[in-house]
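Please walk through this structure with the chain open in a viewer, moving from the packing of its helices to single residues and then to a pocket.

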Amino acid sequence: MTNPVQALNSARVRGWLYQALFLACALAVAWYLVSNTLTNLATRGVATGFGFLHREAGFEIGESLLPYSASDTYLTALVVGLLNTLAVSAAGVVLASVLGVLIGIGRLSSNWMVNRFATLYVETVRNVPLLLQLVVWYTILNRLPSPREALEVLPGIFLSNRGMKFPVLVEHAGHGWILLALVAGIAAAIAAVRYGRRRRETTGKPFPTLPAVIAALLLPPALAFIVTGAPLAFDVPALAGFNFEGGGSVTPEFTALLIGLSVYTAGFIAEIVRSGILAVPHGQTEAALALGLSPGKILRLVILPQALRVIVPPLTSQYLNLTKNSSLAVAIGYPDLVSVSNTSANQTGQVVEAVAMMMLVYLIISLAISGFMNWYNRRVALVTRSASTPRPIRPPFPPVPSPPPAGPPLMKRSRARPPPRRRPTA
């Protein structure tokens, strides 16, 4: 039987013991917090549970991607808030990525004006609190003229303090088939790009990738449009009274939140892109110059493909920050998940349940983004050979045949020593 003192001297046993003690302490703290919360709620007569989700909400939501009315349940209202959060986060990720890449490239530009403007943008945006920026953008949008004096940016697109109005396509049964044809064209375009790359790597022969991609993206939807006979009609907004009717609209709250998140996050993405470009060895640029490539092609074909692979891990953190920063939408009145949850908690008194659902939803969203970006990082990461793994050396010439085995070794002849001379005796 092992002596307990000797068992404690083992590093492995001590590690298991420390982990068990930490787990026990964590469970004890969690049990204390839960029991204390339930006791206080029971003392004050506050009901617990998630049964309130099936009751009537009784409040309107100004902006919704789903049909919603005050007679719907709290669960439907929370789903509407979640969709609003996902919509502004997805649009913000795209805009912040594009703007961040452009500003990051501008930080390394040889043009003095472009370089200084990019530097001023990064240093200003990153050092001003995001909440203050959201308030500034929302104030600017509310200072726009009224709908009767709206600015017509483009034909049919109006900008006012009620938001932006724009034409939308009139729905038709054939539009679904056109959308399916477009999805099939995108899949065909991806297949054409992969085939062209594989053919160039194996045979060295070029493939007309650009014409193939354009044909794959345009021909199937055009063919579906002709076959289904879908009308190409637009619902154009028109001024009626004090506001516009018809068409699509984007509220000032959504626009201010989208601009604020995109501009703020783009400042951090720009520095990540700049560091990724500087991480590419300068020998790559010199080799591309030796091949006669122009500076634009060097940036597009040599530098950026390698830099964008390096910056995926820090870029993931910025995407997570943008998604979580969207919870500041409550400050400007955008009905996101936090805003709808706060309204539900104020009406029902189920504060603990509302906060727990918000935490769980943001945790799931963050884990989903992290999982996707980690998968993408493993897929596009540059494969390098470690120094500890020796590369197998292939002989440049066929091996030389070994000589035939030699015969038995020759024995050296031993010289016989002459007998010693004896001195003559007298």
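**Helices, buried residues and a pocket**

In this predicted model, the buried residues of helix 6 pack against strand 4 (168-169) and against helix 7. The residues of helix 6 that count as buried are His 175, Ile 178, Ala 181, Gly 185, Ala 189, Ala 192 and Gly 196. An α-helix has 3.6 residues a turn, so residues three or four places apart point the same way. Helix 6 itself is made of 28 residues and reaches 41 Å from its first C-alpha to its last, which is close to the 40 Å expected at 1.5 Å a residue. After helix 6 comes Gly 204, a residue with a positive phi near 80°.

Seen from the other partner, helix 6 (175-202) is included in what covers the buried residues of helix 7. Those buried residues of helix 7 are Val 213, Ala 216, Pro 221 and Ala 224. Does the length of helix 7 call for comment, and what span should its 20 residues have? Helix 7 runs over residues 209-228 and, at 1.5 Å a residue, should span 28 Å, and because its end C-alpha atoms lie 29 Å apart, the two values agree. Helix 7, too, is followed by a glycine, Gly 229, whose phi is positive and near 65°.

These helices belong to a protein that has 13 helices and 8 strands. Of its 426 residues, 29% count as buried, and among the contacts between residues at least 6 apart in sequence, 66% join residues at least 24 apart.

Val 125 offers a single-residue view of such contacts between distant parts of the sequence. This residue is found in helix 4, which covers residues 112-126, and Val 125 counts as buried because its relative accessible area is 8%, where the cut-off is under 20%. When neighbours within four places in sequence are left aside, Val 125 is in contact with Gln 133, Val 263 and Tyr 264. Val 125 and Ala 266 are 141 residues apart in sequence, yet their C-alpha atoms are 8.7 Å apart in space.

A second residue to look at is Ser 366, which lies in helix 13 (residues 351-380). Is Ser 366 buried or exposed? With a relative accessibility of 17%, Ser 366 counts as buried, because the cut-off is under 20%. The side chain of Ser 366 reaches the backbone oxygen of Tyr 362 at 2.9 Å. Beyond residues up to four places away in sequence, Ser 366 touches Leu 320 and Lys 324.

The last stop is the largest pocket, which holds about 280 Å³ of space. Of the 13 residues that line this pocket, Ile 277, Pro 295, Ile 298, Leu 299 and Ile 303 are the closest to its centre. Helix 9 (282-290) and helix 10 (295-310) are the elements that give two or more residues to the lining of the largest pocket, and the largest share, 4 residues, comes from helix 10. By class, the lining of the largest pocket consists of 9 nonpolar and 4 polar residues, with no charged residues.

Technical notes
Residues are numbered from 1 along each chain as its sequence is written. This is a predicted model: local features need pLDDT of at least 70, side-chain atom pairs count only at pLDDT 80 or more; totals for chains, interfaces and linings use all residues. Side-chain values use heavy atoms; hydrogens and water are left out. On a 1 Å grid over the protein atoms alone, a cavity is a set of points where a 1.4 Å probe fits but cannot get out, and a pocket is an open set with protein on both sides within 12 Å along at least five of seven lines; lining residues have an atom within 4 Å of a point. Grid points are joined across faces, edges and corners, and a volume is the space filled by probe spheres set on the points. Ala, Val, Leu, Ile, Met, Phe, Trp, Tyr, Cys and Pro count as nonpolar, Asp, Glu, Lys and Arg as charged, and the others, Gly among them, as polar. The expected span of a helix is 1.5 Å times one less than its number of residues. Buried means under 20% relative accessible area, exposed over 50%, partly exposed in between (1.4 Å probe, protein chains only). Contact means heavy atoms within 4.5 Å. A polar contact is a pair of N or O atoms within 3.5 Å; within protein, one must be able to donate a hydrogen and the other to accept it, and residues adjacent in sequence count only if both atoms are side-chain atoms.
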